[in-house]
Amino acid sequence: MRTKTIKKNKINVVTLGCSKNIYDSEVLMGQLKANGKNVVHEDPEDDGNIVVINTCGFIGKAKEESIDTILHYAKRKEAGEIDKVFVSGCLSERYKPDLEKEIPNVDQYFGTHDLPNLLKVLEADYKHELIGERLTTTPKHYAYLKIAEGCDRPCSFCAIPLMRGKHVSTPIEDIVTEATKLAEKGIKEVMLIAQDLTYYGLDIYKKRALAELLEALARVDGIEWIRMHYAFPTGFPMDVLEVMKREPKVCNYLDIPLQHINTELLKSMKRGTTHEKTTALIHKFRTAVPKMAIRTTLIVGYPGETEVMFQELKDWVEEMRFERLGAFEYSHEENTGAYVLEDDVPAEVKFKRVNEIMELQSQISWELNQAKIGKTFRCLFDRKDGEYFYGRTESDSPDVDNDVLVDAREHYVKIGEFIDIKIHEAGDYDLYGTPVKQQERPTSLNQKKK
């Protein structure tokens, strides 16, 4: 028996995992809307009678979250609270037979390339002409822009090629069309995402074309910040640095996951580089674009990582002084190259090593932030939360990097606008500042203050 009255044919899309999944959900929602469907994204008030869960299957914790979410909605379906549950995305691509057996109460499972089939069961047609049409779920002033799908890299720890397939670049003209439509909706910042930005263009243009893409996007009116995520270090196209230097719209920011620095482990990881080559690459970045903020991610506890190797990694992190850094515990994933190796670093050691890296990075970040006190930065403001407005500098991507906080009791800034902020205080990861030029507070806020 139903426990509540459900509005007919409302589709709730639930997204788990990375920004690429966010993008895929937005494309799905755009297609559904174009078909006249009533669609929402993770609506906490009225989540509809049909649920589509876009899952992540990258590492252990992400898989657990996806399975827990599927079980939650399967139980709600069993209780009569919702009519249908569909599951898509990476977990479904990777473990479809197992999921169908273990959680049969889901109506149907779809992989990462099954959008037309998913739309069909939702009684919608896939519209090929909808290039760039999607329902963005991010704040109205920034959006993710996926420039390629899949990955050709052989990294031994990574299951992404199993779930996403081979690298396929999106043509430059299609990406520009999408960026133009985003700009027309008020988007000011686009974040370029792919499994590997570095490889962009090799499949369709027979050359690395990331620099050419950046130049084309910089000509899109309305877009003011272009940010690059997930660049592979081996084969990095150095002409990208030239575009970054001369084009103010291209942020002095690069997300380049390096994973480790010990040459023996890098070889086992099949990263195609060494300690010396990686260090030389970072020095080239710093020389070419001195103001560049480099974000990287590291894996600790990979099979065979000794205390000596881990100390080498710590020493290197201290030497490089990355502006942004994240560390993660190695996850032993089936059907990856490293799965044949013994997962010989105990869980408690992995946990300890992650904490050591992040404590070291916290100190580095604090020191770098102290140097910003008294300086003024152009910031884009994302939200108001409690007593503060939260913004970001050019060196910061949303959700993963630092914030600039402005006291909302003393100052007003408009969400989605660029404001010059003078920094007066700095913590490990957050900066505190005041607007150089005060914005006019809306009448309603003025009245509340009185």
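## Exercises around helix H3

Cys90 lies in helix H3, and the exercises below start from this residue in a model that is predicted.

**Exercise 1.** Determine whether Cys90 is buried or exposed, and list the residues that Cys90 is in contact with beyond its neighbours within four places in sequence.

*Solution.* The first step is to compare the accessibility with the cut-off, where buried means under 20% relative accessible area. Cys90 has 8% relative accessibility and therefore counts as buried. The second step is to leave aside the neighbours within four places in sequence, after which Cys90 is in contact with Asn21, Thr55, Cys56, Gly57, Thr112, Met163 and Arg164.

**Exercise 2.** State which residues UniProt lists for "binding site", and examine how Cys18 is placed in the chain.

*Solution.* The unreviewed UniProt entry lists Cys18, Cys56 and Cys90 under "binding site". Although these residues are spread over 73 residues of sequence, they cluster in space, with a largest C-alpha distance of 10.6 Å. Of the listed residues, Cys56 is also among the contacts of Cys90. Cys18 is found in the loop between strand S1 (10-15) and H1, and because its relative accessibility is 29%, Cys18 counts as partly exposed.

**Exercise 3.** Check the length of helix H3 against the expected span, then locate its kink and describe the packing of its buried residues.

*Solution.* Helix H3 covers residues 90-102, and at 1.5 Å a residue its 13 residues should span 18 Å; the end C-alpha atoms are 17 Å apart, which agrees. The next step is to look along the helix, where a kink of about 90° lies at Lys96, shortly before the proline Pro97. The buried residues of H3 are Cys90, Leu91, Ser92, Arg94, Tyr95 and Leu99. In reading such a list it helps to recall that an α-helix has 3.6 residues a turn, so residues three or four places apart point the same way. The buried residues of H3 pack against the helices H1 (19-34), H2 (60-78) and H5 (160-164), and against the strands S3 (50-55), S4 (84-89) and S5 (108-109).

**Exercise 4.** Describe the second largest pocket by its volume and its lining, and find which element gives the most to that lining.

*Solution.* The second largest pocket holds about 930 Å³ of space. Its lining is made up of 36 residues, of which Tyr23, Asp24, Val27, Leu115 and Tyr126 lie nearest the centre. Two or more lining residues come from each of H1, S4, helix H4 (115-121), strand S7 (148-149), strand S8 (168-169) and helix H6 (172-184). H1 gives the most, with 6 residues.

**Exercise 5.** Find where Tyr230 and Arg321 lie, and give the phi value of Tyr230 and of Arg321.

*Solution.* Tyr230 is found in the loop between strand S10 (225-228) and helix H8 (239-246), and its phi is near 65°, a positive value in a residue other than glycine. Since its relative accessibility is 23%, Tyr230 counts as partly exposed. Arg321 is placed in the loop between helix H11 (307-320) and S13, and has a positive phi of about 50° although it is not a glycine. With a relative accessible area of 32%, Arg321 is partly exposed.

Note on methods
Residues numbered from 1 in each chain as written. Predicted model: local features only at pLDDT ≥ 70, side-chain atom pairs only at ≥ 80, totals over all residues. Heavy atoms only, no water. Helix = DSSP H or I, 4+ residues; strand = E, 2+ residues; numbered from the N terminus. Expected span 1.5 Å × (residues − 1). Bend = angle between axes of the 7 residues up to and from the residue. Buried < 20%, exposed > 50% of the residue type's maximum accessible area, 1.4 Å probe, protein only. Contact = heavy atoms within 4.5 Å. UniProt positions renumbered as here; feature names shortened; annotations may be inferred. 1 Å grid on protein atoms, 1.4 Å probe; cavity = no way out; pocket = protein on both sides within 12 Å on 5 of 7 lines; lining within 4 Å. Points joined across faces, edges and corners; volume = space filled by probe spheres on them.
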